[in-house]
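Me: I am new to this structure and would like to know what the terms used for it rest on. Please take them one at a time.

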Amino acid sequence: MIEIFRKASLCRNFENETYKQIQQKNITFPTYLSAGQEYIASSLSHYLEKHNPHIFIQHRGHSTYLAFGGKVEDLIDELLGKKTGCAHGMGGSASIQCKEKNIYGHDGLMGSQVPIAVGSCYATRKPTIVFMGDSSAEEDYVFSSIGWAATKNLPILFVVEDNNLSILTEKKVRRVWEMDDVARGLGVESYNIEDNPSEINKCLKNVFDRYEDEMDKLGDKTKEIHESNRKLVRELWEKQLEKQ
Ligand SMILES: Cc1ncc(C[n+]2csc(CCOP(=O)(O)OP(=O)(O)O)c2C)c(N)n1
Ligand SMILES: [Mg+2]
């Protein structure tokens with residue numbers, strides 16, 4: 001849990017400092033802070049980084065970028081509009097990305113990252129995580145993408161970061177339904193939970209790879225078994241190939 005706090009602390013301090021830099025007018029274009037939401041990305045990255053997921057984010061994504069290993073200096077440079085920024089100074093806060101970590105930034109159309117992530121996951125079959133806000137989740141193309149992903153049984157995790165707001169409009173003014181019910185109706189296993197690491201972990205069981213999760217759960221002995229089987233299979237292949 002301290003490792004998750006370490007990530008969350010980097011994110012919170014980054015946002016606190018960014019806020020100061022906005023006030024001092026060193027950042028001069030729209031900036032979307034994620035302070036208060038950092039435990040979502042910090043927990044998810046802690047549990048899922050081992051799968052090297054492809055990650056699709058939206059405008060409030062500083063914490064996601066940082067938690068999944070994006071370089072702090074490159075994000076600072078991006079917020080300053082420099083060429084050395086993580087999106088070459090062309091994206092700004094709303095469209096940060098990191099090619100090395102497979103983090104893809106947003107284009108500004110709320111929810112567009114969801115069909116894009118589903119298409120990418122279908123093409124690559126890589127474990128994929130797509131983040132969206134509670135308002136973006138209301139777009140019809142988000143529903144159809146989730147429904148289609150379910151028909152293909154894609155290895156994709158849809159994360160709704162629900163801060164109750166669409167700009168300044170609260171959820172209760174906008175709708176009477178919850179996203180986990182809709183997703184369940186579309187054929188996807190879903191949960192409505194707090195941003196508490198152990199709650200998040202409970203929902204992630206075998207989300208991408210049962211084998212690796214069981215190995216983690218059962219401890220060191222499984223790593224020995226894995227290693228000896230890796231060697232055994234390799235040797236048997238070499239032996240049989242020699243006979244050819
Ligand atoms: C298709 C579309 N509709 C409306 C907007 C205007 N808009 C920009 S941000 C936003 C609210 C986003 O809310 P949410 O997805 O919950 O993210 P949050 O800002 O709360 O993190 C809206 C409606 C937009 N950019 N794209
Ligand atoms: Mg919101």
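Reply: Two strands pair if DSSP finds at least two bridges between them. The model is predicted, and 4 of its strands form an open sheet in the order 2-1-3-4 with parallel pairing.

Me: How do you know that strand 1 and strand 2 pair?

Reply: Strand 1 (residues 54-56) is joined to strand 2 by 2 bridges. The cut-off is at least two bridges, so the two strands count as paired. They run parallel, and the bridge partner of Ile55 in strand 2 is Ile103.

Me: What makes strand 1 and strand 3 a pair?

Reply: There are 3 bridges between strand 1 and strand 3, in the parallel sense. Pairing asks for at least two, so they qualify. Phe56 has Val130 as its bridge partner in strand 3.

Me: What joins strand 3 to strand 4?

Reply: Strand 3 (residues 128-133) and strand 4 run parallel and are joined by 6 bridges. With at least two required, this is a pair, so the order 2-1-3-4 is accounted for by its bridges. Val130 has Phe158 as its bridge partner in strand 4, and Met132 stands opposite Val160 in that strand. Between the two strands the chain passes through helix 6 (residues 140-152), and this β-α-β crossover is right-handed.

Me: Which strands are called edge strands, and what makes them so?

Reply: Strand 2 (103-104) and strand 4 are the edge strands, as each pairs on one side only.

Me: Why is strand 4 called largely enclosed?

Reply: Of the 6 residues of strand 4 (residues 156-161), 5 are buried, so the rest of the structure largely encloses it. To count as buried, a residue needs 20 or more other C-beta atoms within 10 Å of its own.

Me: How do you know that strand 3 is covered on both faces?

Reply: Thr128, Val130 and Met132 lie on one side and Ile129, Phe131 and Gly133 on the other, and all are buried. That agrees with the count for strand 3, where 6 of its 6 residues are buried.

Me: Why is helix 2 described as largely enclosed?

Reply: Helix 2 (residues 38-48) has 11 residues, of which 10 are buried, so it is largely enclosed by the rest of the structure. The buried ones include Glu38, Tyr39, His46 and Leu48. Among the elements that cover them are helix 1 (2-23), helix 3, strand 3, strand 4 and helix 9 (197-203).

Me: Why is Leu66 called buried?

Reply: Leu66 has 26 other C-beta atoms within 10 Å, and the cut-off is 20 or more, so Leu66 is buried. Leu66 lies in helix 3 (residues 62-67). Leaving aside neighbours within four places in sequence, Leu66 is in contact with Leu10, Cys11, Phe14, Val72 and Leu75.

Me: How much of the chain is buried?

Reply: Buried residues make up 34% of the 244 residues. The chain has 11 helices and 6 strands, and its C-alpha trace spans about 70 × 45 × 35 Å along the principal axes. Of the contacts with a separation of 6 or more, 64% are between residues 24 or more positions apart.

Me: What makes a residue part of the shell around ligand 1, and which residues are there?

Reply: The C-beta atom of such a residue, placed from the backbone, lies within 6 Å of the ligand. The residues around ligand 1 include Arg60, Gly108, Met110, Asp134, Ser135, Asn163 and Ile167. By class, the shell divides into 4 nonpolar, 6 polar and 2 charged residues. Gly counts as polar here, so Gly108 and Gly133 belong to the polar group.

Me: How is the chain divided into domains?

Reply: The domain assignment gives domain 1 (2-208) and domain 2 (209-244). Their centres, taken over C-alpha atoms, are separated by 35 Å. The contact takes 5 residues from domain 1 and 4 residues from domain 2. On the side of domain 1 that touches domain 2, there are 1 nonpolar, 2 polar and 2 charged residues.

Methods
Residues numbered from 1 in each chain as written. Chains lettered and ligands numbered in written order. Predicted model: local features only at pLDDT ≥ 70, side-chain atom pairs only at ≥ 80, totals over all residues. Buried ≥ 20, exposed ≤ 12 C-beta atoms within 10 Å, placed from the backbone. Right-handed = clockwise from strand over helix to strand, strands pointing away. Domains from an automatic or database assignment. Contact = placed C-beta atoms within 7 Å.
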